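Student: I should like to request a close look at a single part of this structure. Please take me through that part and its surroundings in one connected account.

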Amino acid sequence: MASPNKKPKKKDNRWIGETLPIMLFQVSCVGSVFTLLYMGVKARKRSWIIQFFIALALLAASLASGNDNFWTAAFLGVGVYSLVFIAMNVKEFIDRTGLESSGTQKQPPTPQAASDKGTQMIADLLKWKGEIESQSLRGDIDQIVSLSKIVLQKSGAETDLFFSRYDAVLNKLLHKYDEIENTRLDTEEMAKTMKLIADGICDIAKAMRQDVNNMYKQDLLDINAETSVFLRELQKKGLLEP
């Protein structure tokens, strides 16, 4: 018979302090990775979906390894990368999906709004061109300005998206380049960083050229299709010989 003075055994809750933080850490990392998939599917951007599968593969490999240090580092790295990637691309995601941050339907940008944004971007680029000393970088800025002026002649959501895609990142890179250049610190690290930024802007100029080419290529396809339909209608009405 059990003694009446015997106290009941207390439940061991130490697992909450030891295991729960790890579980929450894993869930948050996996959640940020699957957010990449959601953004890619919702915005219909294949490169974002590819980012998701790469991140997922890294997580799966880290778990399969059985090495605690490896999977912890992998989860942390992938989680931080996913969050940074989301933060850097959330504006483009909002523009592509037509949603505001509040979740309400966004009004289509007016031609005037797109024109104002493009005009401001060109003004900013010309300002940085006047500040920066590198001739090669100034040449890349000239190319970007020329391409921006071409796009400025168009109107609509596509134009607004174009300027939204490039404006912030160009301002950030050019500001940082000018800041480093003004330090006059002739060190290897400074030189590498400036070259990295300059190469990045050169690549952006190439991407913009292809972007503009694609915009007008689609316009030409649309015009050709509309012209063909119109000519067939004229032929049916006997106004034009087949």
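Tutor: Just after α7, Gly-238 takes a positive phi of about 75°. The model is a predicted one, and that applies to every value discussed here.

The residue that follows in the numbering deserves attention as well. Leu-239 is found in the segment after α7, a helix that covers 188–236. Leu-239 counts as exposed because its relative accessibility is 63%, and the cut-off for that class is over 50%. Leu-239 also belongs to a nonpolar patch on the surface, where its partners are Phe-230, Leu-231 and Leu-240. Together, these four residues have about 400 Å² of accessible area.

Let us now turn to the helix itself. α7 has 49 residues, and the distance from its first C-alpha to its last is 72 Å. That span is close to the 72 Å expected at 1.5 Å a residue. Within α7, a series of residues is buried: Met-194, Ile-197, Ala-198, Ile-201, Ile-204, Ala-205, Met-208, Asp-211, Val-212 and Met-215. Asp-211 is thus one of the buried residues of this helix.

On the other side of α7 in the sequence, the loop between α6 and α7 contains Arg-184. Phi of Arg-184 is near 60°, a positive value in a residue other than glycine. Arg-184 counts as exposed, because its relative accessibility is 55%.

The preceding helix, α6, comprises residues 157–183, and Asp-167 is found in it. Asp-167 is buried yet has no salt bridge. The nearest side chain of opposite charge is that of Lys-117, which is 7.1 Å away, whereas a salt bridge requires a side-chain nitrogen of Lys or Arg within 4 Å of a carboxyl oxygen. Leaving aside residues up to four places away in sequence, Asp-167 touches Met-121 and Asp-124.

Finally, these parts may be placed in the whole chain. The protein chain has seven helices and zero strands, and its pattern along the sequence is α-α-α-α-α-α-α. Of its 242 residues, 29% count as buried. Among the contacts in the chain with a separation of 6 or more, 66% are between residues 24 or more positions apart. The chain exposes about 16,400 Å², and carbon and sulfur atoms supply 60% of that area.

Notes. Residues numbered from 1 in each chain as written. Predicted model: local features only at pLDDT ≥ 70, side-chain atom pairs only at ≥ 80, totals over all residues. Heavy atoms only, no water. Patch = residues over 30% accessible without salt bridge, like charges linked within 9 Å, V, L, I, M, F, W, Y side chains within 5 Å. Areas by Shrake-Rupley, 256 points an atom, 1.4 Å probe, with all protein chains shown as cover. Helix = DSSP H or I, 4+ residues; strand = E, 2+ residues; numbered from the N terminus. Buried < 20%, exposed > 50% of the residue type's maximum accessible area, 1.4 Å probe, protein only. Lys, Arg positive; Asp, Glu negative; His and termini not counted. Contact = heavy atoms within 4.5 Å. Expected span 1.5 Å × (residues − 1).
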